[in-house]
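Dear colleague,

Please find the structure below, handed over for your records. A summary of the findings follows it.

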2 protein chains.
Amino acid sequence: MANVNSLADDRTAVPAPSRTSRAAIVRAAAETLEAEGLHGLTMQSVAARVGVRPPSLYKHVDGRDALVRLVAEAAVGDLIALLAAAAPEDSEPRGALHAAAAALRTFGKDRPGAFRLIFSPGPPSTRPGPDVALLAVAPVLRIATELAGPDDALEAARTITAWASGFIAMEIAGAFGLGGDVDRAFDYGTARIADALSRR
Amino acid sequence: MANVNSLADDRTAVPAPSRTSRAAIVRAAAETLEAEGLHGLTMQSVAARVGVRPPSLYKHVDGRDALVRLVAEAAVGDLIALLAAAAPEDSEPRGALHAAAAALRTFGKDRPGAFRLIFSPGPPSTRPGPDVALLAVAPVLRIATELAGPDDALEAARTITAWASGFIAMEIAGAFGLGGDVDRAFDYGTARIADALSRR
DNA sequence: ACCTGAACACCGTTCAAGT
DNA sequence: ACCTGAACACCGTTCAAGT
């Protein structure tokens, strides 16, 4: 039978259900980032990947910069989990430093786009909030405190982070083009940094 | 009197003289980079700065990526000069390390856009040629050789470069937001790195 | 409540036409 | 030999109209 209250139905039409979601969009953007680079991470490519038209994305995210920021924050979250797993609270600091550095390096090689988003960020509107970034520092700060003592903990943590992020950024960028064993240079650096920071 | 060979003049019309030059374009692009960021470095903004229309730029440079690369190469050239001046061939290595690190840091703070172009490069088409990048390493390699000895020179040089570039990249990015004395952390890192690499 | 086509501003790049 | 306007493809974003 014909619907007797089609007018009412039209007025109270069931709102169109989402054909995508913020989580799916962020995931698609992260994949596009690694596949095409930050330059190729466009609203159009992401929209095509999740199966909607570009304007629809604006119902879920505030725009491209905001989307890049969400991708960066998700990546920091993943990195925090990796570092926490590699360097548990009660682990011996020298071994923990080695494990955390190796975990960061693996992350950088697996997801160079995400690594760059975290350590070579663009305009402020695309950067993770400071609260998110702070959490990632916790394991390094613990290691630095045990190695260098509380008075130098902050400086030591910054030395570790600067060296590791700088090394991996160079490796990703292909700055180690000519010769040498990159693995050996990384191990050498880890050992020297650990020596240098250890309370004497 | 009327020119009797105006036809010939038209045929052999003096070619339009350049209203700009590659050097002026690269300079304008470098200024735009620092003033507006890499995102704001557009063919339109550069053209306006040198006083021509955007298509005219293509008579002097191959396109935006090529222009970015020229800016990067010019910046590397400037940096090489700064490092060479800060750490002369015959200087004592520990002092030279301190001076070179300080020079790099000053460069990064003065020209963050150029610094990022060198140490956090984008697509290959925008990167300085490897030959240019190699020259910048020379003073660091000399210092590393004297500190760590020839066998570990390459690894030591990579440790120095990774730490310094990572530290300054973080500082430029504002990653040292919360507390602590950044100058002290830099001095601490310099001293610890020098200790760690010194032949024992 | 979300999706869409159309539209606008902006950018990189090409090209025929000017001088 | 260089400069220009016009044009094209592409991108981010807005908005009225659909369901």
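The surface near DNA strand C is made up of 7 nonpolar, 7 polar and 4 charged residues; here Ala, Val, Leu, Ile, Met, Phe, Trp, Tyr, Cys and Pro count as nonpolar, Asp, Glu, Lys and Arg as charged, and the others, Gly among them, as polar. Please note that this is a predicted model, in which local features need pLDDT of at least 70 and side-chain atom pairs count only at pLDDT 80 or more, while totals for chains, interfaces and linings use all residues. Residues are numbered from 1 along each chain as its sequence is written, chains are lettered from A and ligands numbered from 1 in the order in which they are written, and side-chain values use heavy atoms, with hydrogens and water left out.

**DNA strand C**

In total, 18 residues surround the strand, the closest being A:Arg19, A:Arg53, B:Met43, B:Tyr58 and B:Arg64; a residue is near if one of its heavy atoms lies within 4 Å. Of the strand's atoms within 4 Å of the protein, 72% belong to sugar or phosphate and the rest to bases. Phosphate oxygens of strand C lie 2.8 Å from a polar backbone atom of A:Arg19, 2.8 Å from a polar backbone atom of B:Arg64 and 3.1 Å from a side-chain N or O atom of A:Ser56.

**Nonpolar core**

The largest nonpolar core (buried Ala, Val, Leu, Ile, Met, Phe, Trp, Tyr and Cys residues joined through side-chain atoms within 4.5 Å) has 83 residues. Those with the most contacts inside this core are A:Trp163, A:Phe167, B:Phe115, B:Trp163 and B:Phe167. Its largest share, 11 residues, is contributed by helix α9 (residues 153–173) of chain B; helices are DSSP runs of H or I with at least four residues, numbered from the N terminus. Apart from this core lies another, of 19 residues, including A:Leu33 and A:Leu117.

**A:Arg105**

A:Arg105 belongs to helix α6 (residues 93–110) of chain A. This arginine counts as buried because its relative accessible area is 10%, the limit being under 20% with a 1.4 Å probe and protein chains only. Its side chain makes polar contacts with the side chains of A:Glu171 at 2.9 Å and A:Asp183 at 2.7 Å. Such a contact is a pair of N or O atoms within 3.5 Å; within protein, one must be able to donate a hydrogen and the other to accept it, and residues adjacent in sequence count only if both atoms are side-chain atoms.

Yours sincerely

Notes: Buried < 20%, exposed > 50% of the residue type's maximum accessible area, 1.4 Å probe, protein only. Helix = DSSP H or I, 4+ residues; strand = E, 2+ residues; numbered from the N terminus.
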